[in-house]
Amino acid sequence: MEIKTADFITSMANYGNFAGKGLPQIAVAGKSNVGKSSLINKLCRRNKLARTSATPGKTRLINVFELNREFHLIDLPGYGFAKVDKQEKARWGKMMQDYFEQADELRHVLCLVDIRHDPTEDDKQMNLFLRQMGIPFTVIATKADKISRGARQKQLAPICRALLVQPWEVICWSSEDGTGRDQLLALLEKVLTEETANQSYEVDGEPEPDDVHTMEQPT
Ligand SMILES: Nc1nc2c(ncn2[C@@H]2O[C@H](COP(=O)(O)OP(=O)(O)OP(=O)(O)O)[C@@H](O)[C@H]2O)c(=O)[nH]1
Ligand SMILES: [Mg+2]
């Protein structure tokens, strides 16, 4: 897959309807300043598509981008930003809860963590939440350019332990030098192709493989 078009659609304080809603969605989640907006820009090769900042807490709304007129990329507001009061934290919690409960089109979440740091309690909670909701996700270790190639695998160990994933499932990413871009494009293609396959199941009206059980009767 290559990204041919990328358009900003809208910013929302409360998740709801927006123009073009209905396409499959891929969400980008992670703590504030981890590099969510930068990843979107690098992926789309558009420097100013999503607003980035060295000051944490830049993205406080749910931002929607439409890529290839085929799917929506959702830039979620970052968590774990120390400088917010209780009220703001509660607002964030509600916004995220509403999003995950209502986004029927959500197909996959990119969970960003900084490759240099152990995941935080917030990262672990997000991870647990996605597992409980049964939402597929991929861990993306950002800012890989900040450490040497040799140090990357070592750095992945505590991340994998905390988030219960295997090292080969993690994408090492850099919005500076493009590390991981091909891998992420391949992942998106896979997720969106599965999407089409599922749709054709519904059109055919055939049962999905998961629905076909042979139950043994207790004797
Ligand atoms: N070296 C390096 N810096 C990065 C990378 N990704 C992001 N940054 C820097 O990290 C800072 C935060 O990046 P953002 O993309 O704004 O982070 P965010 O996760 O969107 O932050 P919030 O919107 O506050 O949640 C900026 O100064 C970026 O330039 C990366 O891969 N490598
Ligand atoms: Mg941001």
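1. A good place to start is a turn: in the hairpin formed by E3 and E4, where three residues lie between the two strands, asparagine 68 takes a positive phi near 55 degrees. The model in which this turn is seen is a predicted one, and the points that follow should be read with that in mind.

2. The two strands on either side of that turn are joined by five bridges and run antiparallel. Two of the pairings can be followed by eye: phenylalanine 65 stands opposite leucine 73 in E4, and asparagine 63 has aspartate 75 of E4 as its bridge partner.

3. Is strand E4 (residues 71-75) largely enclosed or open to the outside? Five of its five residues are buried, so E4 is largely enclosed by the rest of the structure. The cover is found on both faces, since Phe71, Leu73 and Asp75 on one side and His72 and Ile74 on the other are all buried. Strand E3 can be described in a similar way, because five of its six residues are buried and it too is largely enclosed by the rest of the structure.

4. E4 also has a partner in strand E2 (residues 25-30), to which it is joined by four bridges, and here the two strands run parallel. On this side glutamine 25 stands opposite histidine 72 in E4. E3, for its part, is joined to E1 by six bridges in an antiparallel arrangement, with threonine 10 standing opposite valine 64 in E3.

5. Which order do the strands take in the sheet? Seven strands form an open sheet in the order E1-E3-E4-E2-E5-E6-E7, and the pairing is mixed. Its edge strands are E1 (6-12) and E7 (171-172), each of which pairs on one side only. Helix H3 packs on the sheet, where it touches E2, E5 and E6, and its direction makes about 160 degrees with that of E5.

6. It is worth comparing that order with the order along the sequence, in which the protein chain follows the pattern β-β-α-β-β-α-β-α-β-α-β-α. In total the chain has five helices and seven strands. Of the contacts with a separation of 6 or more, 72% are between residues 24 or more positions apart. Buried residues make up 32% of the 219 residues in the chain.

7. How many residues does the largest nonpolar core have? This core has 39 residues, and those with the most contacts inside it are Val28, Cys111, Leu112 and Ala141. Strand E5 (residues 106-114) gives the most to the core, with five residues. E5 is joined to E6 by six bridges, the two strands running parallel, and cysteine 111 has valine 139 in E6 as its bridge partner.

8. Alanine 141 deserves a separate look. Leaving out residues up to four places away in sequence, alanine 141 touches Val113, Ile115, Leu156, Ile159, Val170, Cys172 and Trp173. Two residues in this list, Leu156 and Ile159, are among the buried residues of helix H4, as is Leu163. What covers the buried residues of H4 includes E5, helix H3 (121-133) and strand E6 (137-142).

9. The length of H4 (residues 149-163) can be checked with simple arithmetic: at 1.5 Å a residue, its 15 residues should span 21 Å, and because its end C-alpha atoms are 22 Å apart, the two values agree. The helix nevertheless bends by about 25 degrees at alanine 157, and a proline, proline 158, follows within four residues. Just after H4, leucine 164 takes a positive phi of about 55 degrees.

10. Finally, consider leucine 61, which lies in the loop between helix H1 (36-44) and strand E3 (62-67). Why does leucine 61 count as partly exposed? It has 14 C-beta neighbours inside 10 Å, whereas a residue is called buried at 20 or more and exposed at 12 or fewer, so a count between these limits is partly exposed. Apart from its neighbours within four places in sequence, leucine 61 is in contact with Ser11, Met12, Ala13 and Pro77. Leucine 61 and asparagine 14 are 47 residues apart in sequence, while their C-alpha atoms are 8.1 Å apart in space.

Key
Residues numbered from 1 in each chain as written. Chains lettered and ligands numbered in written order. Predicted model: local features only at pLDDT ≥ 70, side-chain atom pairs only at ≥ 80, totals over all residues. Core = buried A, V, L, I, M, F, W, Y, C linked by C-beta atoms within 7 Å. Contact = placed C-beta atoms within 7 Å. Expected span 1.5 Å × (residues − 1). Bend = angle between axes of the 7 residues up to and from the residue. Pairing = 2+ DSSP bridges. Axes fitted to C-alpha atoms, helices over the stretch in contact; angles between N-to-C directions.
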